[in-house]
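User: I would like to go through the strand pairing and helix packing of this structure. Please reason briefly before each value or name.

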Amino acid sequence: MSESYLTRIGGLIRDARRHKGMTQSELAELLGTSQGAVTRIEAGRQNLSLDMLAKIGDALDSEFVSVGHSGPQHLRIVGGRQLSGSIDVKTSKNAAVALLCASLLNRGRTTLRNLARIEEVNRILEVLASIGVKTRWLPDSNDLEIVPPARLHLEDIDVAAARRTRTVIMFLGPLLHEHSHFQLPYAGGCDLGTRTVEPHLAALRAFGLEVTATHGFYEAHSDRSVNPTRAIVLTERGDTVTENVLMAAARHDGTTTIRNASPNYMVQDLCFFLERLGVRIEGIGTTTLVVHGRSEIDVDVDYAPSEDPIEAMSLLAAAVVTHSAITIRRAPIEFLEIELATLEEMGMKYDLSAEYTSANGKTRLVDLTTIPGPLRAPTDKIHPMPFPGLNIDNLPFFALIGAVAEGSTMIHDWVYENRAIYLTELTKVGARVQLLDPHRVMIEGPTRWRAAEVVCPPALRPGVVVLLAMLAAPGTSVLRNVYVINRGYEDLAERLNALGATIEVFRDI
């Protein structure tokens, strides 16, 4: 190998290791070599065999050192085993994406602490990089530093990355004060049916934004002389709608009142971050927000988002379906209380620690220990409601829990047009699921789980539900093409393995 090639590959290995949050000594241990050897490899001073390249690729899960074609990532699960031990809840996916968008409001340096390293974040970082924003993961950490350019190059936006995430719609609020005209690609992400963007557009018209859809792009025109003259009443109490209006209001040099606002966890995190930027907000955690904005924001800010209640619910469902006693640490209890009350009605028992606060200094956390025991189906259907009701993203986990409970459980997913359909994939691993209509399924429990090979549903939470069901199914199951799970969960297989699961990540040769 030439010296220049070794230097380039060494740099790629170093960056991939840092992206995984791994030290040189940890990588050396996985490779069965010394830390000095890893240092030489990353410096381009070590010859590399194809066998060593393949080992590094496995250790770092990085396609740049794959031998042959590297296709979709799959999971091989050996199920039927109980879990044990403790696991920490990672920080919130949905807060992370909102904060990345909100960083566009700030001309100063933004540092986000302990951010989730997930594919959804990666796509947004690709979009930000394409328009001139400098981002870097700080060494040996999940801390992300964001430095904006003097001028955003929106004409260079990475269309492919933008189309793979719905988050790009939340660029509207931060950008409308800086640009009189700009384009954004149509949003993508999970395949959950058509989700209208009209509530976003209707609310942002109060700030002079008009948007038309043409040729796969949103064409945005902003009249910055227009400002809200009365309270903005959201026609839908949506999380991302509320966040978009909050970000628009943050740069409006005046007072904006938002009614029917979502008080959900990611909205609260965004409010706490905006306060760090000098924006004063009244009513955080309620459905009426009063925002006192600033025309210019130029501060160096440091913020840590709170833990993810949906991941906490995922881990809780993993314990229930495998009849396991585990401790879920750093669970944001305020956003799980309705779910836990529902589980108590089904007969579940658990212990809670005393409360403590998240790194943001605001969000209440507990350590939750599950106690295995028989469950019964709820007397009424389970359906989501805006916070403080049962979270829409937690609803699919109740289909899985219903499959281990005695009796019939109806799940009513009234929000999405076709996500309930994906829950029928549980039939492939032994569950008895009847689709009543595009929004309702009936699950008969308890279930005799069986191993199977399944293509991962194209929606995040149903995909995780199938994975967790496979943990309960005796034998070896395969879940294919799990990119959608990686969109929202960081190292989920590895972390479940630390609890006693047996999950292998692999790709077809």
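Analyst: Two strands pair if DSSP finds at least two bridges between them. The model is a predicted one.

User: In which sense do β19 and β20 pair, and over how many bridges?

Analyst: Strand β19 covers residues 432–437, and two residues lie between β19 and β20 in the hairpin that they form. Within this pairing, Val433 has Ile443 of β20 as its bridge partner. The sense is antiparallel, and the number of bridges is five.

User: Which residue in β20 is the bridge partner of Thr409?

Analyst: Strand β18 (residues 407–412) runs antiparallel to β20, and six bridges join them. Ile443 of β20 is the bridge partner of Val433. The bridge partner of Thr409 in β20 is Ile443.

User: Which side chains of β20 point to the face where they are buried?

Analyst: In a regular strand the side chains alternate between the two faces of the sheet. Strand β20 (residues 440–445) shows such alternation, with Arg440, Met442 and Glu444 on a face where they are not buried. Buried here means under 20% relative accessible area. The buried side chains on the other face are those of Val441, Ile443 and Gly445.

User: Which strands stand at the edges of the open sheet that contains β1?

Analyst: Four strands make up this open sheet, with mixed pairing and the order β21-β22-β1-β23. Each edge strand has a single partner strand, so one side of each is left without a neighbour in the sheet. On average, neighbouring strands are turned by 20° against each other, direction ignored. The edge strands are β21 (453–455) and β23 (502–507).

User: Which residue stands opposite Ile77 in β23?

Analyst: Strand β1 (residues 73–79) is mostly covered, with five of its seven residues buried. Six bridges connect β1 with β23 in the antiparallel sense. Opposite Ile77 in β23 stands Ile503.

User: What stands opposite Val78 in β22?

Analyst: β1 and β22 run antiparallel and are joined by five bridges. The residue of β22 opposite Val78 is Thr476.

User: Which residue in β22 is the bridge partner of Val455?

Analyst: Strand β22 (residues 475–480) pairs with β21 in the parallel sense, over three bridges. The bridge partner of Val455 in β22 is Arg480.

User: How are α10 and α11 oriented to each other, parallel or perpendicular?

Analyst: Helix α10 (residues 239–250) and helix α11 (residues 265–276) have axes that come within 9 Å and cross at roughly 10°. Angles under 35 degrees count as roughly parallel. The two helices, α10 and α11, are therefore roughly parallel.

User: How do the residues of the contact of α10 with α11 divide?

Analyst: From α10, the contact is made by Asp239, Thr242, Glu243, Leu246, Met247 and Ala250. From α11 come Met266, Val267, Leu270, Cys271 and Leu274. These residues divide into two charged, one polar and eight nonpolar.

User: How are α2 and α3 oriented to each other, parallel or perpendicular?

Analyst: The axes of helix α2 (residues 24–31) and helix α3 (residues 35–42) are 8 Å apart, and the packing angle is about 105°. Angles of 65 to 115 degrees count as roughly perpendicular. α2 and α3 are therefore roughly perpendicular.

User: How do the residues of the contact of α2 with α3 divide?

Analyst: On the α2 side are Gln24, Ser25, Leu27, Ala28 and Leu31. They meet Gln35, Val38, Thr39 and Glu42 in α3. The division is one charged, four polar and four nonpolar.

How values were computed:
Residues are numbered from 1 along each chain as its sequence is written. This is a predicted model: local features need pLDDT of at least 70, side-chain atom pairs count only at pLDDT 80 or more; totals for chains, interfaces and linings use all residues. Side-chain values use heavy atoms; hydrogens and water are left out. Buried means under 20% relative accessible area, exposed over 50%, partly exposed in between (1.4 Å probe, protein chains only). Axes are lines fitted to C-alpha atoms, for helices over the stretch in contact, and angles run from 0 to 180 degrees between N-to-C directions. Angles under 35 degrees count as roughly parallel, over 145 as roughly antiparallel, 65 to 115 as roughly perpendicular and the rest as oblique. Contact means heavy atoms within 4.5 Å. Ala, Val, Leu, Ile, Met, Phe, Trp, Tyr, Cys and Pro count as nonpolar, Asp, Glu, Lys and Arg as charged, and the others, Gly among them, as polar.
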